[in-house]
Each structure stands twice: as structure tokens, then as C-alpha cells.
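Please look at the structure shown below and keep the sequence at hand while you read. The report moves from the whole chain to single positions.

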Amino acid sequence: MALTPEQEAEIEALRASPRPTLRAVSEGMEAHMYRAHPVLDHGFVRVIDYMGDDAAICQAARVSYGKGTKSVSNDEGLIRYLMRHWHSTPFEMCEVKFHVKLPIFVARQWIRHRTANVNEYSARYSILDREFYIPRPEHLAAQSTANAQGRGEVLEGEEAERVLEILKSDAARAYEHYEEMLSQEGGRKGLARELARMNLPANIYTQWYWKIDLHNLLHFLRLRADSHAQYEIRAYAEVICGIVRDWVPLAWAAFEDYRLGGATLSARALDCLRRMLAGETVTEESSGMSKGEWREFRALFPGQG
Ligand SMILES: Cc1cc2nc3c(=O)[nH]c(=O)nc-3n(C[C@H](O)[C@H](O)[C@H](O)COP(=O)(O)OP(=O)(O)OC[C@H]3O[C@@H](n4cnc5c(N)ncnc54)[C@H](O)[C@@H]3O)c2cc1C
């Protein structure tokens, strides 16, 4: 994993000087503080700071419900109730700040999540490192025939070798030209960094600080830790899932149950389910659903009829 020696020294210095605090701390999250989790070939995710824990979610909810929370007096029950009823603002009381190193094409997908605060490495100000994401052979797959937005079978043999060679040599050539354009050797002026970066490929790595509240982070994870998300962003989302599990175990368990593991049914799907439970044989034709809806509905009950 490509932490620079300066970053490693900074992390070590911070880990070596813990400070006492009166704030709520999550023991699980403390273990992640200033630890870089490797992702892909040169990337990482590390927790820089956080605020709140499971208790903070309940504390905020109890402000709004007052005595009404007596019926759900334990934290686990209250958090499950909030998640089940989409009562989202108590989850916004928890925040987390990550340092992420990621390829630019992953960053383009990630930045679409507008509900975070971002500060990115400036390639106008600094020179980008010679680090490019090169997929491992098992992730080098052909265009999917079933899904226009996905991958199918893994490439093999000569084709796979040739693709890898193109990826590596194009990256190397682009970086050499980048350095050449920036160079001030031999009395040259050197092209400005903000322009020289133009022809670098989208698999070069960038870095950012990314701060988000728990509600919006869970929304991000629901979309990006999902099998429909591209493998490369999913790899980051899955690491973050592990961090959230340790940070707010009760909220994570409720999220896993209601969102990741749960399903939303349309009125038509619900009607079909009721008819099926009553013994009727419902088919795609009699369901009133489109082909795609029916396929997704049936996938919820594999092996049933
Ligand atoms: C599998 C997958 C495929 C995708 N394919 C494409 C694609 O082909 N092309 C493409 O362009 N994008 C694509 N996206 C991106 C997707 O459309 C969303 O832009 C992205 O997932 C961010 O979701 P979001 O807007 O809900 O998140 P956030 O920006 O974090 O917003 C969270 C929620 O806040 C609210 N919100 C935030 N900002 C606003 C606002 N300005 N106005 C109104 N409400 C707001 C919305 O309710 C939103 O759901 C894809 C995403 C996934 C997961």
C-alpha cells in the first residue's frame, strides 16, 4: 500500500500521542483510528476522525420523542425502530472523516454522492505520483452480455496478457510525457502542472479527505457495496462496511437487516405475494409486472416454484 514515508511518520506520531477526551468514544472505532486499510493495488482507506456512537443516535432520538421512547427503552430496539421507519436524522448525529486514496475513475463515481465534504489532492499545486491501478487478472473481465453496465467472463490467455500490457505501457508512456512536459531541464520553462496532467489516464491515483454523516454514509454503502456497483468502488465500500460495523454495531446490524438484507416490494409485487400465499400460481403474465420486475421479484425467492 502506497502511504508515503511522511504519511507513515504522521500516523505513527499521532498514534504515539493519544489524548484523553470527555467525548463519547466507540471502542470499535478507536481501533481503526490512524490505521490504513489497503484497497486495490495502491489505494487505502483510513479513519482520520469521527463523532458519535450508537448511544449518540439514541440520545438524539430521545430528544425528539421524549417520554414516547419508553416503549422502546433499549438502544437496540430504538435503533431498529428508527431504521425501520426511515427516521433518519438521529443517524446524522454521527460523523466520520476518511482519508482515501483511489483511482480517478473510481473518484468520479464516488463524487456523485453529494452529501459529503471533500478536499482533494491538488494536481495544479503538486505533481501526481507514478501510481496507476492495474486490475488483477481475475478482475480483467469481458463486457457482460446480460448487463450493459457490467462485466462478464474473465479474460484469459493471450487476450488478457495483451490487455495488461496495453494498460501498463499506456500508463508508463503517459507518465513519461507528463514528466517531460513539466520538466524545466535545459532552460525549458516547463508546462504548468494544471495543464500537464491533462493526458494522464483515469487509472492514476488521487487522494482526498471525505467527511460524511452516518445516514448518508449508509446510503452510499447501500448503493456502492451492492453487487450492481463496479468492483473497484465496491472494494472501498466493503472496507468501509467493516469500519462502520465496528464503529456503530447496533446501527450496522439494523442497516444490514432492513436495508442490505431486506427488500422493498411494490404494491403489485405485494399483491402477487399475497396471491401466492393464498395458493394461486402467479405467472409473469398474470403478475402485471414487467419482465425485469418479475425477474427481480422471483430472484427474491430462489427455489420457490
Ligand atoms: C449501480 C449504479 C449505477 C449508476 N449509473 C449511473 C449512470 O449511468 N450515470 C450517472 O450519471 N450516474 C449513475 N449512477 C450515480 C447515481 O445516479 C447517483 O448519482 C449516485 O448513486 C449518488 O446517489 P444520490 O444522489 O442518492 O446520493 P447523494 O448525492 O449522497 O444524495 C443523497 C440523497 O440526498 C438527496 N439530494 C442530494 N442532493 C440533492 C439535490 N441537489 N437535489 C435533490 N436531492 C438531493 C437525494 O434524495 C439523494 O438520494 C449510478 C449509481 C449506481 C450505484
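What follows describes the overall layout, then the ligand surroundings, and then the positions that a database record marks.

**Overall layout**

The model is predicted. The protein contains 13 helices and 7 strands, and its C-alpha trace spans about 80 × 60 × 30 Å along the principal axes. Of its 305 residues, 24% count as buried. When contacts with a separation of 6 or more are considered, 68% of them in this protein join residues that are 24 or more positions apart.

The protein is divided into domain 1 (5-133 + 203-260), domain 2 (140-201) and domain 3 (267-299). Between the C-alpha centres of domain 1 and domain 2 there are 30 Å, and the contact takes 8 residues from domain 1 and 8 residues from domain 2. On the side of domain 1 that touches domain 2, the classes are 5 nonpolar, 1 polar and 2 charged residues.

**The nonpolar core**

In soluble globular proteins, nonpolar side chains tend to be buried together. In this model the largest nonpolar core has 50 residues, and the members that touch the most other members are I57, I79, L217, Y236, V248 and A251. Helix 9 (residues 231-247) gives the most to this core, with 8 residues. Beyond its neighbours up to four places away in sequence, L217 touches V96, I212 and V244.

**Around the ligand**

The residues around the ligand are R112, H113, R114, T115, N216, H219, L223, H228 and A229, and by class this shell has 2 nonpolar, 5 polar and 2 charged residues. One of these residues, T115, is found in the loop between helix 5 (104-110) and strand 4 (117-120). Is T115 buried or exposed? T115 is exposed, because 12 other C-beta atoms lie within 10 Å, and a residue counts as exposed if that number is 12 or fewer. Apart from neighbours within four places in sequence, T115 is in contact with I212 and N216, and N216 is also listed around the ligand. The C-alpha atoms of T115 and M33 are separated by 23 Å, the two residues being 82 residues apart along the chain.

**Positions marked in the record**

An unreviewed UniProt entry places the feature "binding site" at T89, R112, H113, R114, E120, D213, L214, H215 and H219. These positions are spread over 131 residues of sequence and are also spread in space, with up to 27.4 Å between C-alpha atoms. Two of the listed positions, L214 and H215, can be followed into helix 8 (residues 214-224), where L214 has its place and where H215 is found as well. Leaving out residues up to four places away in sequence, L214 touches F91, E92, C94, V248 and A251, while H215 is in contact with S88, F91 and E92. Of the contacts of L214, V248 and A251 are also among the core members named above.

For "binding site", UniProt (unreviewed entry) also lists Q109, W110, I111, R112, E120, Y121, S122, A123, R124, R197 and R224. They span 116 residues in sequence, and because the farthest two C-alpha atoms are 29.2 Å apart, they do not all gather at one spot. S122 has its place in the loop between strand 4 and strand 5 (141-143), whereas R197 is found in the loop between helix 7 (193-196) and strand 7 (205-213). Leaving aside neighbours within four places in sequence, R197 is in contact with A123, L128 and Y178, and A123 is itself a listed position.

R224 is covered by the UniProt annotation "active site" (unreviewed entry) and is found in helix 8. Not counting residues up to four places away in sequence, R224 touches A229, I233, R234 and A237, and A229 is one of the residues around the ligand.

The table sets out how these marked positions are classed by burial.

| Residue | C-beta neighbours within 10 Å | Class |
|---|---|---|
| L214 | 26 neighbours | buried |
| H215 | 20 neighbours | buried |
| R224 | 23 neighbours | buried |
| R197 | 18 neighbours | partly exposed |
| S122 | 11 neighbours | exposed |

Why does H215 count as buried? H215 has 20 C-beta neighbours inside 10 Å, and a residue is buried if 20 or more other C-beta atoms lie within that distance. With 18 such neighbours, R197 therefore counts as partly exposed.

Methods:
Residues are numbered from 1 along each chain as its sequence is written. This is a predicted model: local features need pLDDT of at least 70, side-chain atom pairs count only at pLDDT 80 or more; totals for chains, interfaces and linings use all residues. A residue is near a molecule or strand if its C-beta atom, placed from the backbone, lies within 6 Å of it. Ala, Val, Leu, Ile, Met, Phe, Trp, Tyr, Cys and Pro count as nonpolar, Asp, Glu, Lys and Arg as charged, and the others, Gly among them, as polar. Domain bounds come from an automatic or database domain assignment. Two residues are in contact if their C-beta atoms, placed from the backbone, lie within 7 Å. UniProt positions are given in the numbering used here, feature names are shortened, and annotations may be inferred rather than shown by experiment. Helices (H or I, at least four residues) and strands (E, at least two) are DSSP runs, numbered from the N terminus. A nonpolar core is a set of buried Ala, Val, Leu, Ile, Met, Phe, Trp, Tyr and Cys residues joined through C-beta atoms within 7 Å.
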